[in-house]
Amino acid sequence: MGQVREPLTNEVKLNTLYLMKSSISSKGQLTVPVEIREKLGLLPGTAVSFEFLDGGALIRKTTRGQHPVDRIYGRLTLKRPVDSLLDEMRGPRPRRS
């Protein structure tokens with residue numbers, strides 16, 4: 001007898017390999033399928049980035065502008081070397097033989 005399959009619900013589509021398609025409009029706009037928008041929390045105005053891959057491209061959710069860490073990188077000034085501070089917090093490092 002044939003195998004019994006689950007109904008093809010949105011949940012089944014998201015949890016299995018399911019090819020979703022869209023097309024690019026004449027203005028170069030792309031509609032992201034609702035299942036993907038919901039799963040990734042893509043709301044209107046969400047920034048995305050594109051990365052070239054062999055044979056295609058990858059789209060990722062990203063942030064607008066500079067990353068928060070990049071805004072403060074290099075601003076911290078220390079009176080002692082970082083290794084000295086880490087040894088103080090963690091205890092001395094084991095000696096290498």
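Val-48 is partly exposed in this predicted model, because its relative accessibility of 35% lies between the 20% limit for buried residues and the 50% limit for exposed ones. The residue belongs to strand S1, which covers residues 48-53. Together with Phe-50 and Ile-59, Val-48 makes a nonpolar surface patch of about 290 Å². Membership of such a patch requires over 30% relative accessible area, and Val-48 meets this condition because its value is 35%.

Strand S1 runs antiparallel to strand S2, residues 56-61, and the two are joined by 6 bridges. Within this pairing, Val-48 has Lys-61 of S2 as its bridge partner. The two strands form a hairpin in which 2 residues lie between them. Gly-55, located in the turn, has a positive phi of about 80°. In a regular strand, side chains alternate between the two faces of the sheet.

Side chains of opposite charge can pair when their charged atoms come close. In the model, 2 salt bridges are counted. One of them links Arg-60 to Glu-51, with a separation of 3.7 Å between the closest N and O atoms; this pair qualifies because the cut-off is 4 Å. Glu-51 falls within the residue range of S1, and Arg-60 falls within that of S2. Arg-60 has a relative accessible area of 45% and is therefore partly exposed. Glu-51, at 36% relative accessibility, is likewise classed as partly exposed.

The side chains of Glu-88 and Arg-80 also meet in a salt bridge, with an N to O distance of 2.6 Å. Here Glu-88 is exposed, because its relative accessible area of 57% is over the 50% limit. Arg-80 is partly exposed, with a relative accessible area of 36%.

Rolling a probe the size of a water molecule over the atoms shows where empty space is left. The largest pocket in the model has a volume of about 320 Å³. Its lining includes Met-20, Lys-21 and Ser-22, as well as Leu-30, Thr-31, Val-32, Pro-33 and Ile-36. Phe-50, Ala-57, Leu-58 and Ile-59 also line this pocket. The greatest contribution to the lining comes from S2, with 3 residues. Phe-50 and Ile-59 thus appear both in the pocket lining and in the nonpolar surface patch with Val-48.

Technical notes. Residues numbered from 1 in each chain as written. Predicted model: local features only at pLDDT ≥ 70, side-chain atom pairs only at ≥ 80, totals over all residues. Heavy atoms only, no water. Patch = residues over 30% accessible without salt bridge, like charges linked within 9 Å, V, L, I, M, F, W, Y side chains within 5 Å. Areas by Shrake-Rupley, 256 points an atom, 1.4 Å probe, with all protein chains shown as cover. Helix = DSSP H or I, 4+ residues; strand = E, 2+ residues; numbered from the N terminus. Buried < 20%, exposed > 50% of the residue type's maximum accessible area, 1.4 Å probe, protein only. Pairing = 2+ DSSP bridges. 1 Å grid on protein atoms, 1.4 Å probe; cavity = no way out; pocket = protein on both sides within 12 Å on 5 of 7 lines; lining within 4 Å. Points joined across faces, edges and corners; volume = space filled by probe spheres on them.
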